[in-house]
Structure formats: C-alpha cells, structure tokens
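Thank you all for coming; I would like to talk you through one structure today, starting with how its chains relate and then turning to a sheet. Please have a look at it before I go on.

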Number of protein chains: 2
Amino acid sequence: MYKKMNSINDLHALAQLTNGFRKSNKTIGLVPTMGALHEGHLSLVDQALQETDETIVTIFVNPSQFAAGEDLDQYPRTLEADLEKLAEVGAQHVFVPTADLVYPPGFSTSITPPQVAARLEGEFRPTHFSGVATVVLKLFNMTRADVAFFGQKDYQQVCVLRAMTADLNVNVQMRVCPIVREADGLALSSRNRYLDADQRKTALVLYQTLQHTRDLITGGLNDGFEIVTEMRQMLIDGGVDNIDYAVVANPQTLETADFIDGPVVALVAAHVGKTRLIDNLMIQ
Amino acid sequence: MYKKMNSINDLHALAQLTNGFRKSNKTIGLVPTMGALHEGHLSLVDQALQETDETIVTIFVNPSQFAAGEDLDQYPRTLEADLEKLAEVGAQHVFVPTADLVYPPGFSTSITPPQVAARLEGEFRPTHFSGVATVVLKLFNMTRADVAFFGQKDYQQVCVLRAMTADLNVNVQMRVCPIVREADGLALSSRNRYLDADQRKTALVLYQTLQHTRDLITGGLNDGFEIVTEMRQMLIDGGVDNIDYAVVANPQTLETADFIDGPVVALVAAHVGKTRLIDNLMIQ
C-alpha cells in the first residue's frame, strides 16, 4: 500500500498548503518535471525527501520551452503511471497545473536568460531557455520552494538556472543530482521511448563517446580541436543521423576549451532518427 | 531623539535579518526608493509601518532604468538627509546597496516586462521598464518582502509591476499610495529640485490640465480625441517646452480611450526646461 499522496490542481490550494508550511517553519523541496517519469526523476524525489520537510513534485509539459516543429505534441504524457510512481517513492505532494493556470490570458512577462543560455542548446533552440527560466521561476514562486532539485542530465539548464537565481537573488537553493543510466550506459530520458530497437543500440554511442573523451583527456590529450574532431568522428561512425554539438567546455561558463588544463565538461547533442538526445560527463 | 535605525549595506546581513523575521513569522514591508526622499516617499514608509511588522526602506539609484542621455549622473543623491528623514518617521531598517552589489560582474539576466510597459513611458523610454522590473524583482527577493509600497505618481510603473508580479507568481502584495502634492498642486518629485522659480510656476500646468480634464469628463464630455486636444493645448498655453504624452486611458491596460464610458486615468508627461515631469489623475 502506498502512503497517501496529496494531489493539487489549483493555485489557491497550493498557496494555502505552502503558507502553512512557511508558518510552521517547514522547508519545502521542489522537483519540477514534465512527467513521463523515470528513475532519474525518482532519484530527485528521493533526494528531496531526504533533504526537505515537504516535497512538492510538479508535472507540467511547458509549451513555452518548445519551439515550432519540436516535439511538444508528441511529448509523452503518462499522468496515471507518473502518479503511481510518485506515490510508490513516498512523494508527499504533486502539483499538476493546466497550461491556462500557468499562462492565463494576458500573460506577457518573461525572463531574458543569462549569457550562458546563448551557447550550445541556445544555438539550436534559441527560445528554449527563456521558456525554461520563466516557468521555473514561476514554479519556484508558486511552490514557495526553499530547495529545488534538478538532474545533471540537462547540464546547461542547470547552468542557466544557477545564473538566473543568482542574478535575480532568488531565495531557492539548487541541488543537482547525478545522471541515472541504464545498465548499458544510456542516460535515462523521457525521449528514449521514441527510439526503436536499432536506434536504441545506436543511442549508446553518445555515452561511449563521452567515456572515450574522458579517457583521451585523462590520458594526456589536451588539444581541444583534436578531441572534438575525434568526438564527432566517433558519433558519426556510431551511426547518429546528425550532430548538433560535441564539445568540451568550461563547467561554469560553457565556453569551449581550446586547450585543456583543468576540469571540463564534455557535452553532446545528436539526433538518432527523429529523436534528439543529449548527454554529458564531467571530466576532472 | 530618533529611534535607532538599522542601516544595512551587504546582502549577507540583509539575509540574516530577513531570515530571522521569516522564522518568527513577522511580515516584511518594502519601500523601494532611489533616495532624494520627500513627503511622498515618507507617506509610503508611514503606510508600511502601519501595515507590516518590519519595514525595510531601500535607497538605490538604479542605473539600468536610465537610458543614455537621461539624468542618471545628475539624479539627486542626498543620503545623509534621507537617513535623517527615515529615522525621524521611525523606519526600522534601511538598505543602501552599491551598484556592484546589485549588478556583480557577469550579471546578465533581465525581465522582459509585460505588455503594458510598451505604451506611454515605454515609447519614450524603451528600456526603462525592463530596468525597473528587474531591479524591483531583485529587491523583492533580497528583502523577502511580503508587501511592497509604491506611489501612484508612477502610475504606469505600478501597472507594470502588478502585471509582472501576477505573471511570475511573485509572493508580494502591492500597495499603491496616493500622490502627495505641494499646497499649489504640484506632485512631489525628486526631479522638482531641478526647476528654477519660473519653471516651478510653469510646472503647475500639469496638474491644472489633469483637473481640467476631470472637469470636462465629469461635465459630460466623452470624446477622447476632443479631450486630448484640449489637454495638449492647455499644456502648451501653460508654457511647457515639450509634451511626451497627454492621454486618457483604461486604468488597467493603459489603452487610450476614444470614447469615455467608465473610469479612466489621465496621464501627462512633459518637459519644463530640461526637466521631464509626469503626473496623473484617476477619473471615476
């Protein structure tokens, strides 16, 4: 039997709940998701349950972070299964707003995201991080979160949100949890379910490329251009259909590294069939 | 003898103070100012002291809401006199940050303000409200304000901030306090001190025009074009050097009214010499 989970659909009920937490000095943990939950999301919920008094999971497929032609309509919506999984891990509160609740008629304010949003994903999805930053700030405020939990899988998203919260003096602590992978190394993603069996095998080359990149760098290779050339070749040989980017970069600014003399993060974004996959690896 | 006032200059001290208030469930009132305080500002402080447990006044001349060629450098800075006035009215806490504290190196996030920012002031000062919205959101977060107090003098600013807080689900209640005027009707403004004796007399025509506009409308005139034509003529006859706008508008959206059949707000912005003055009047 699952513990009883509190499901909230309107802002008034959410405000009443969180005002109560505030008055009794309980800390509020937020796990913002777009649903289609997998073990990666659940690891964030686990962490929130450990670190905070009250954990609020939000499920909202945010239209404003998808551009025209992206997979907003196809994005998997599995609410019943999501709620079951959340109850199973002991999530206390789940907030599932409609788009009208988040963006009522007349809504017209947005966040112009910090500089780090312009690179990588920003080049291929120029409006994406404005949508992410705006909805995350709204969710922070709606839930009155003290601590918010994000996956390292969306590495640049974490950089953008860290800079946004610092720049706007937002009173929310950010926690970043490790990427959860399948046994064969594929990073968990709600989009993995788009892959057929062959594509699923091809998709492994993203993480293999990141591991190879780490081995090259820890083995002493420090020429950024040489490393990136090898990354791209490995992705192409592995059968990806298109590479958006494959880079080694400064872990804070995401500026690409010409010469590697400190910690870097390797990041890849590539298409397998019609599915766009991303992955990354910190290299000390 | 004045009550002891707590003067704060760094974010860490401010956070400690406001965290303490939060823990003891005290409400925090914010009065954000650019200094050069007059009775209008002090009426906001009075209101905050009445409505909230702890009143924080901020003094910060925000560079990002001034455009090149505006009066940032000339803007009056009268910190000693400001602190004296605040102590006199019993303000509990005053926060006076430096520009580096508000905008540290690397700062690069901003608010794209809501639609209502595009009209009137937005046409003449296109970057102004982005600067205002960004700094006010930062001050809300820095001070953990529950209630914030603004003057109706900056009518459009209030509309912008109301829409911004609603759009971003900001947990701050906005209070708007009436315009404070000199005995002869001139709205108090830190910029009035730019006026010489003759200009000071000329400046009276702004409020006289608003009063005349009210009399026209309450007398039955409902043709927006006719009213605005008369407003402009009166300002010109009164000797202003340039009119930025003179309108009657919807009090929420600030859309100009062609035909008046409900409450409106009359707003004027005009230059007297080099000094740009604004004023407004609600007409039921």
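When I speak of laying one copy on another, the copies are superposed by least squares on the C-alpha atoms of residues with pLDDT of at least 70 in both. This is a predicted model, in which local features need pLDDT of at least 70 and side-chain atom pairs count only at pLDDT 80 or more, while totals for chains, interfaces and linings use all residues. Residues are numbered from 1 along each chain as its sequence is written, and chains are lettered from A and ligands numbered from 1 in the order in which they are written.

A turn of 180°, with a shift of 0.0 Å along the axis, lays chain A on chain B with an RMSD of 0.0 Å, and that is the relation of a two-fold axis. Which residue of chain A comes closest to the rotation axis? It is A:I111, whose C-alpha lies at 2.4 Å.

Now to the sheet in chain B, where strands are DSSP runs of E, at least two residues long, numbered from the N terminus, and two strands pair if DSSP finds at least two bridges between them. Three strands form an open sheet in the order β8-β9-β10 (chain B), with antiparallel pairing. Because β8 (242-249) and β10 (275-283) of chain B stand at the edges with a single partner strand each, one side of each is left without a neighbour in the sheet. Between β8(B) and β9 (residues 264-272) of chain B there are seven bridges, and B:A246 has B:V268 in β9(B) as its bridge partner.

Technical notes. Helices (H or I, at least four residues) and strands (E, at least two) are DSSP runs, numbered from the N terminus.
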